[in-house]
Amino acid sequence: QVEIMESGGGLVQPGGSLKLSCSASTLFFGVQTMAWYRQVPGQEREFVASLNHFGETNYADSVKGRFTVSGDTLKNTATLEMGSLKPEDTAAYSCNVDGWLTESAGRKTYWGKGTLVTVSS
């Protein structure tokens, strides 16, 4: 099995910056997309940003211009650089990898356990 690991969460003041990292414990045979989601307790999980194997990125409207996703899907790594943070960005941020773990495995989405980001003064 594979473990998706996130790191970099913490407490930051409004207007500050934080960088999250995502990696996999095992190298995938192939990756379609790596994505970041966030969830506030009691609310549904929300899409934040994604990076596909072409290097194309996609962002939620709420983070456009403030967050930047980058990485290398061949190495199964992704980074989410968050700037101009607002209290409403407070959430547990999770990374997922959508791809093929082995050559014979079907395409699946694998999730990390998440890292907590708190934006507060």
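**View 1. Arg38 and Asp89 meet in a salt bridge.** In this predicted model, the closest N and O atoms of Arg38 and Asp89 are 2.9 Å apart. Arg38 sits in strand 4 (residues 30-39), while Asp89 belongs to the loop between strand 8 (77-82) and strand 9 (91-100), so the pair ties together parts that are 51 residues apart in sequence. Are the two partners buried or exposed? With buried meaning under 20% relative accessible area, Arg38 makes the cut at 6%, and Asp89 does too, at 1%.

**View 2. Glu46 also pairs with Arg38.** Here the closest N and O atoms of the salt bridge are 2.8 Å apart. Arg38 is the buried side of this pair, whereas Glu46 is partly exposed, with a relative accessible area of 33%. Zoom out a bit and a network of salt bridges comes into view, linking Arg38, Glu46, Arg66 and Asp89. As a bit of background, side chains of opposite charge can pair when their charged atoms come close.

**View 3. Asp61 and Lys64 make a salt bridge.** The N to O distance between these two side chains is 3.2 Å. How does Asp61 sit, buried or exposed? Asp61 is exposed, at 64% relative accessible area, in contrast to Asp89 from the opening view, which is buried at 1%. If you're keeping a tally, a search of the whole structure turns up five salt bridges.

**View 4. Four strands line up as an open sheet.** Reading across, the order is 1-3-8-7, and the pairing is antiparallel. Which strands stand at the edges? Those are strand 1 (4-7) and strand 7 (67-72); each has a single partner strand, so one side of each is left without a neighbour in the sheet. On average, neighbouring strands of this sheet are turned by 15 degrees against each other, ignoring direction.

**View 5. Strand 1 runs antiparallel to strand 3.** How many bridges join strand 1 to strand 3? There are four, with strand 3 covering residues 18-24. For a handy landmark in this close-up, look for Ser7, which stands opposite Ser21 in strand 3.

Key: Residues numbered from 1 in each chain as written. Predicted model: local features only at pLDDT ≥ 70, side-chain atom pairs only at ≥ 80, totals over all residues. Heavy atoms only, no water. Pairing = 2+ DSSP bridges. Helix = DSSP H or I, 4+ residues; strand = E, 2+ residues; numbered from the N terminus. Axes fitted to C-alpha atoms, helices over the stretch in contact; angles between N-to-C directions. Salt bridge = Lys/Arg side-chain N within 4 Å of Asp/Glu carboxyl O. Buried < 20%, exposed > 50% of the residue type's maximum accessible area, 1.4 Å probe, protein only.
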